[in-house]
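Visitor: I'm new to this one, so could you walk me through it?
Guide: Happy to; ask away once it's up.

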Amino acid sequence: MTTLQKIAKYLLVFLKYFSLVFFAFVAVLPIVSCVITAFKTETEYAQTNVMELPESWLNFQNFIDAFTRANMGKGFVNSLIILVSVLVVSVLVGTQLAYVLNRFKFPGNNLIRNLFLFATLLPGVAMQIAVYQIMYSLGFINSLFGYIVMMCGTDVIAIYIYIQFFENISYSLDESAIMDGASYFTIFYKILLPLLKPAIVTSCILKGVGTYNEYYCANLYLQDKKKYPTVATSLYTFVGPLGSKYNLICAGVIISLLPALIVFITCQKQIYSGLTSGAVKG
């Protein structure tokens, strides 16, 4: 190996690790800034820059104010109800739909798959006028039940994950169960659904994160913020025309991150195995 080749090799290694450190720094910087701001008083926040450390790390008044004044307790309850309902319905509908599309061949099967693919190309914002008119006609505006129904809309990505996973499950399981007298519902619920656990974990992560962090539709359809706050909309309490209280907003953001962090720490083994096993296979 010549000197020039050695220099090129070391340069590539340097660039690789430098890019990793740089992008890790870019990703962590907003979180660090948020944590620092959350412990500052209003006076400190007004007089210091965002990366200057607070005078005291024992100032938890911002967290108390954010939780009480933004009604985050009720927001967590509403978000939990929405999240559980949406995940249960989405998993049941998505897995059954994928089961029908994969296991049964009928006229229009490919058409339905292509229509689902076409639906992913439509921007959600462009369809909000039609969706709002439907929600208004059904009386689902400012209704937690109506918002849950809307959020339970079929997740196309999850359906394709389920279909790909079904394709890796042998048809001999279905045939053996049918020979033993099992119905299609028994085959699905007793044999195939338990095998879909990795794919279900993957789709629940994708759908759950999107539902928990959803702000636009929650703000649009749950208009009574005192009665139907969610974790995402409750933080909007501290934003107003006379200024925003970012120290309280950052405290609220950290509070909203805690449930997801706890779930990740306690279930990280299942999450990692679900992501790898439930990935789309070619």
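Visitor: Which residues in α8 meet α11?
Guide: This is a predicted model, so bear that in mind throughout. On the α11 side, the contact uses P198, A199, I200, T202, S203 and L206. Their partners in α8 are I157, A158, I161, Y162 and F165.

Visitor: How do the residues of that contact of α8 with α11 divide into nonpolar, polar and charged?
Guide: No charged residue takes part in it. Two are polar. That leaves the nonpolar group, which numbers nine.

Visitor: Are α8 and α11 roughly parallel or antiparallel?
Guide: Helix α8 covers residues 156–167 and helix α11 covers residues 197–213, and their axes are 10 Å apart. The packing angle is about 170°. Angles over 145 degrees count as roughly antiparallel, so α8 and α11 are roughly antiparallel.

Visitor: Which helix gives the most to the largest nonpolar core?
Guide: That core has 22 residues, and the ones touching the most other members are Y99, Y162, F166, I169, L192, L196 and I200. At least two residues come from each of α4, α8, α10 and α11. With eight residues, the top supplier is α8.

Visitor: How many residues are in the second, separate core?
Guide: Among its members are A38, A70, V231 and A251. In soluble globular proteins, nonpolar side chains tend to be buried together. The size of this second core is 18 residues.

Visitor: Back to I169: what is I169 in contact with, leaving aside its neighbours within four places in sequence?
Guide: I169 is one of the residues that touch the most other members of the largest core. With those sequence neighbours set aside, its contacts are R103, L192, L195 and L196.

Visitor: And L195, is that buried or exposed?
Guide: L195 sits in helix α10. Its contacts beyond four places in sequence are F165, I169 and L173. Buried would need a relative accessible area under 20%, and exposed one over 50%. L195 has 38%, so the verdict is partly exposed.

Visitor: How do α4 and α10 lie relative to each other, roughly perpendicular or roughly parallel?
Guide: Their axes come within 12 Å and cross at roughly 110°. The band for roughly perpendicular runs from 65 to 115 degrees. That is why α4 and α10 count as roughly perpendicular.

Visitor: How many residues of the contact of α4 with α10 are charged?
Guide: From α4 come T95, Q96, Y99 and R103, while α10 brings Y184, I187, F188, Y189, L192 and L193. Seven of the contact residues are nonpolar and two are polar. The charged count is one.

Visitor: What about I148, is it buried or exposed?
Guide: I148 is found in helix α7, and it touches I81, I82, S85 and V86 when residues up to four places away are not counted. Its C-alpha atom is separated by 11 Å from that of Y221, although the two are 73 residues apart along the chain. The relative accessibility of I148 is 12% and the cut-off is under 20%, so I148 is buried.

Visitor: Which residues does S33 touch, not counting those up to four places away in sequence?
Guide: S33 lies in helix α1, residues 3–38. It has a relative accessible area of 15%, so it counts as buried. Apart from those sequence neighbours, S33 touches V50 and M51.

Visitor: What is phi for N71?
Guide: N71 is in the loop between α3 and α4, and it is partly exposed at 29% relative accessible area. Most residues other than glycine have a negative phi. N71 goes the other way with a positive value, near 55°.

Visitor: Where is N142, which has a positive phi too?
Guide: The phi of N142 is about 60°, and this residue is not a glycine. Its relative accessible area is 30%, so N142 is partly exposed. You'll find it in the loop between α6 and α7.

Visitor: Zooming out, what radius of gyration does the chain have?
Guide: The chain has 14 helices and two strands, and its C-alpha trace spans about 75 × 75 × 35 Å along the principal axes. A compact globule of 282 residues would come out near 19 Å. The chain itself has 24 Å.

How values were computed. Residues numbered from 1 in each chain as written. Predicted model: local features only at pLDDT ≥ 70, side-chain atom pairs only at ≥ 80, totals over all residues. Heavy atoms only, no water. Axes fitted to C-alpha atoms, helices over the stretch in contact; angles between N-to-C directions. Helix = DSSP H or I, 4+ residues; strand = E, 2+ residues; numbered from the N terminus. Parallel < 35°, antiparallel > 145°, perpendicular 65-115°, else oblique. Contact = heavy atoms within 4.5 Å. Nonpolar A, V, L, I, M, F, W, Y, C, P; charged D, E, K, R; others polar. Core = buried A, V, L, I, M, F, W, Y, C linked by side-chain atoms within 4.5 Å. Buried < 20%, exposed > 50% of the residue type's maximum accessible area, 1.4 Å probe, protein only. Rg over C-alpha atoms; globule rule 2.2 N^0.38 Å.
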